[in-house]
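Me: Hi! Could you take a close look at one strand for me and tell me how it fits in with its neighbours?
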Amino acid sequence: MTRADKGLMTGAQMIVQALKDQGVEVVFGYPGGAVLPIYDAIFQQNDIRHVLVRHEQGAIHMAEGYARSTGKPGVALVTSGPGATNAVTGLTDALLDSIPLVVLSGQVPTFMIGTDGFQEADTVGITRPCTKHNWLVKDTEKLAETLHQAFHVATSGRPGPVLVDIPKDVQFGEALYSPKEKIRTHYQPKVKGDIDQITRLVEMIEKAERPVFYTGGGVINSGPAASQLLRELVEATGFPITSTLMGLGAYPASGKNWLGMLGMHGLYEANLAMHGCDLMINIGARFDDRITGRVKDFSPTSAKAHIDIDPSSINKVIRVDVPIVGDVGHVLEDLLRVWKSRGRKVNKDGLAKWWKQIAEWQAVNCLDYKNSEKTIKPQYALQRLEALTKGMDRYITTEVGQHQMWAAQFLGFEAPNRWMTSGGLGTMGYGLPASIGVQIAHPEALVINVAGEASWLMNMQEMGTAMQFRAPVKQFILNNERLGMVRQWQELLHGERYSHSWSESLPDFVKLAEAFGCKGIRCSDPKDLDDAIMEMIRYDGPVIFDCLVEKHENCFPMIPSGKPHNEMLLGEADTQGVIGAKGAVLV
Amino acid sequence: MSALNIKRGSTSHSAYDLRDPYAEVIETHTLAVLVDNESGVLARVIGLFSGRGYNIDSLTVAEVDHEGHRSRITIVTRGTPQVIEQIKAQLGRLVPVHEVHDLTVEGPAVQRELALIKVSGKGEARIEALRLAEIFRANVVDSTLESFVFEMTGLPDKIDAFAELMRPLGLREIARTGVAALARGV
Ligand SMILES: Cc1cc2nc3c(=O)[nH]c(=O)nc-3n(C[C@H](O)[C@H](O)[C@H](O)COP(=O)(O)OP(=O)(O)OC[C@H]3O[C@@H](n4cnc5c(N)ncnc54)[C@H](O)[C@@H]3O)c2cc1C
Ligand SMILES: Cc1ncc(C[n+]2csc(CCOP(=O)(O)OP(=O)(O)O)c2C)c(N)n1
């Protein structure tokens with residue numbers, strides 16, 4: 001009998017087999033000494049595609065973009081030592097944003113661990129706090145089971161990144177492969193919510209005069225069915241709905257109950273509805289500090305319900321009255337069933353008054369800005385981008401900064417999984433690689449990274465990946481030649497002392513595009529903008545679009561750090577001396 | 001800016017947690033955590049405490065089921081009620097954690113710590129040390145002409161009290177295990 005007849009495989013072969021069995025189509029990776037056996041196994045098969053990145057951080061963000069836009073786990077492969085340490089920022093990003101990833105790292109052979117071997121790093125030690133879980137596999141026999149367990153953990157309950165560290169001798173070793181079906185695990189987070197608590201929430205829904213749905217990334221994590229149920233619930237109750245940055249698209253921006261994003265740079269009407277409501281229904285959001293502002297004054301008159309799959313999210317920041325631990329999809333299904341069976345009641349009079357009040361807030365038109373005929377305002381650029389790409393099969397990623405907030409304010413998302421942004425960690429350099437990951441998953445779609453020039457430079461090497469793998473991503477750079485968000489804070493908080501928030505010697509982005517072999521477009525006149533955007537969309541290949549915008553525009557509305565929701569700044573006139581010393585301490 | 005005419009101070013109450021949610025009182029709780037005895041599990045638990053700024057007053061760990069490779073970690077920690085709830089939830093979501101029990105609220109529990117205490121001295125002090133040891137039910141597990149090693153078990157307070165008494169009598173060294181705890185009854 002041959003090895004194969006006996007069912008023996010090398011560790012490296014098992015890795016490829018396990019990935020196939022888990023339905024993996026693409027791996028984002030970068031080779032090195034400690035993963036050569038895996039690369040050899042990848043070379044000898046055609047089922048799994050490997051995308052060669054230019055930096056391991058890029059690999060992780062690509063896997064994140066892939067995961068967020070498909071709902072499937074993203075997979076990355078990195079070598080030991082520097083390969084693994086380069087992955088750390090991406091892992092932390094995915095942990096904070098609950099993105100399911102399986103990252104495989106090579107390690108020095110087991111007998112060399114602890115000797116400061118060449119390219120040895122304590123990868124499980126380094127990544128323990130930035131993964132949902134990680135494993136060091138010391139035995140080929142355990143490898144397949146561990147990999148299946150890794151996929152299970154990454155995708156169950158609150159999703160997150162996991163890492164499997166695989167020493168080189170384990171990759172060479174031989175053992176029996178254990179199939180996916182055989183794994184045993186006690187890790188089974190609860191998905192059904194407590195029916196008594198759900199019923200309590202229904203009772204509150206029936207009576208509430210000023211209710212609001214506050215939804216978040218958990219709805220996206222739960223899957224498209226959850227978004228569907230959310231829409232049904234919103235339409236049926238007639239309640240207003242707002243969402244965090246991470247939850248955009250779960251409820252359509254064109255929906256009639258949509259208040260827009262809430263939070264530090266969220267809409268006036270959304271924040272005031274949160275502040276003044278009598279029933280807040282948090283669905284898959286985590287009371288982040290960008291949302292709550294000053295905790296003591298957060299929504300002082302409301303009863304609060306919180307649906308979350310992670311018990312540690314509940315009562316972490318804000319005490320709630322109705323905690324419901326469970327998966328959004330499962331809980332909303334039960335909630336709708338109970339509410340319908342009790343006669344679909346809502347407080348019609350209260351609601352009518354509430355909507356009247358909301359309409360007054362909406363009339364403030366908080367996103368209003370002063371347009372210009374001479375320079376492109378970043379808001380205007382995004383409005384045009386929105387108008388010209390609406391209805392297309394479109395995915396948006398962003399970098400981090402003002403442009404990210406303007407993108408969230410001015411672009412409308414009609415479906416989940418169409419908006420990829422680094423929310424929790426706020427990682428500059430996320431958007432370009434994420435856009436490539438999205439494009440690899442959706443080759444025919446229009447994928448645009450709305451970027452700031454400073455963020456974009458952080459991972460610009462990945463344009464090489466876009467070229468090599470024919471990912472026609474559009475890099476829409478709102479170039480203000482400033483670290484705009486930092487500049488804005490310095491203006492408002494630090495007496496206009498612009499300490500190092502201005503980058504000199506920026507590259508010529510059009511020439512840079514040429515150097516990468518893709519298309520460069522520059523636009524500085526509002527009159528040329530539409531044509532330039534259309535040229536970008538129509539071009540069959542990657543584009544770097546250098547959109548020269550107003551350099552000193554501030555992003556409003558803004559709730560200054562340490563202030564409650566009803567002390568929001570709407571525009572330049574409101575900004576004099578607003579942030580006290582206490583607020584300045586907060587970020 | 002248009003101010004909202006709403007009163008400060010929430011009027012809502014939770015029906016499920018009768019402790020004052022915003023109480024700033026610091027409570028001490030003893031937690032028993034059953035975990036898979038896999039490599040790194042202790043680092044994970046300790047990293048959680050240091051990373052999130054929680055206190056550890058004492059921690060003990062040992063495998064308690066050799067076949068099932070389960071360890072029991074007993075942690076004595078301090079915090080406001082909200083922090084204690086967070087600690088339990090954070091522990092509970094770790095993948096190798098099977099169960100988290102708060103022995104302080106789940107009913108009466110027995111708690112014990114073992115300590116080895118070395119005292120050296122001659123004459124009257126030595127006799128006094130021995131006499132006090134008897135009162136505290138500490139055993140002599142090693143002795144020379146000029147020293148004793150006492151072994152004692154009990155609540156941490158009792159060990160503290162004994163150690164304090166030994167200090168003027170020639171306390172040299174003390175080794176403590178940290179608290180082990182079990183719920184009373186079946
Ligand atoms: C420069 C900058 C400015 C920002 N400004 C804002 C702002 O103005 N407004 C804003 O909203 N954000 C803003 N953010 C983002 C912010 O930092 C947070 O990332 C974001 O608010 C968190 O979103 P979330 O509450 O939806 O939680 P997420 O991080 O998406 O967490 C999801 C929650 O849902 C739970 N969950 C996961 N899966 C499920 C499931 N299946 N069922 C039930 N629950 C589940 C998780 O346990 C978690 O509690 C900003 C970020 C940056 C970088
Ligand atoms: C890796 C990293 N370093 C630093 C920061 C802090 N930071 C947040 S926004 C910002 C400026 C971003 O500038 P740019 O990308 O040009 O976007 P803009 O704000 O001008 O739209 C900085 C430095 C960060 N978020 N990430």
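How many bridges join β1(B) to strand β4 (residues 97-102) of chain B?

Reply: Happy to help! There are 5 bridges between β1(B) and β4(B), and the two strands run antiparallel. One of the paired positions is Leu34(B), whose bridge partner in β4(B) is Glu99(B). Strands here are DSSP runs of E with at least two residues, and helices are runs of H or I with at least four, each numbered from the N terminus; two strands pair if DSSP finds at least two bridges between them.

Before going on, please note that this is a predicted model, where local features need pLDDT of at least 70 and side-chain atom pairs count only at pLDDT 80 or more, while totals for chains, interfaces and linings use all residues. Residues are numbered from 1 along each chain as its sequence is written, chains are lettered from A and ligands numbered from 1 in the order written, and side-chain values use heavy atoms, leaving out hydrogens and water.

β1(B) also pairs with β3(B), residues 70-79: 10 bridges join these two strands, which run antiparallel. Within that pairing, Leu31(B) has Ile75(B) as its bridge partner.

As for exposure, β1(B) spans residues 27-36 and is mostly covered, with 8 of its 10 residues buried. Buried means under 20% relative accessible area, exposed over 50% and partly exposed in between, using a 1.4 Å probe and protein chains only. In a regular strand, side chains alternate between the two faces of the sheet.

To recap, β1(B) has antiparallel bridges to β3(B) and to β4(B).
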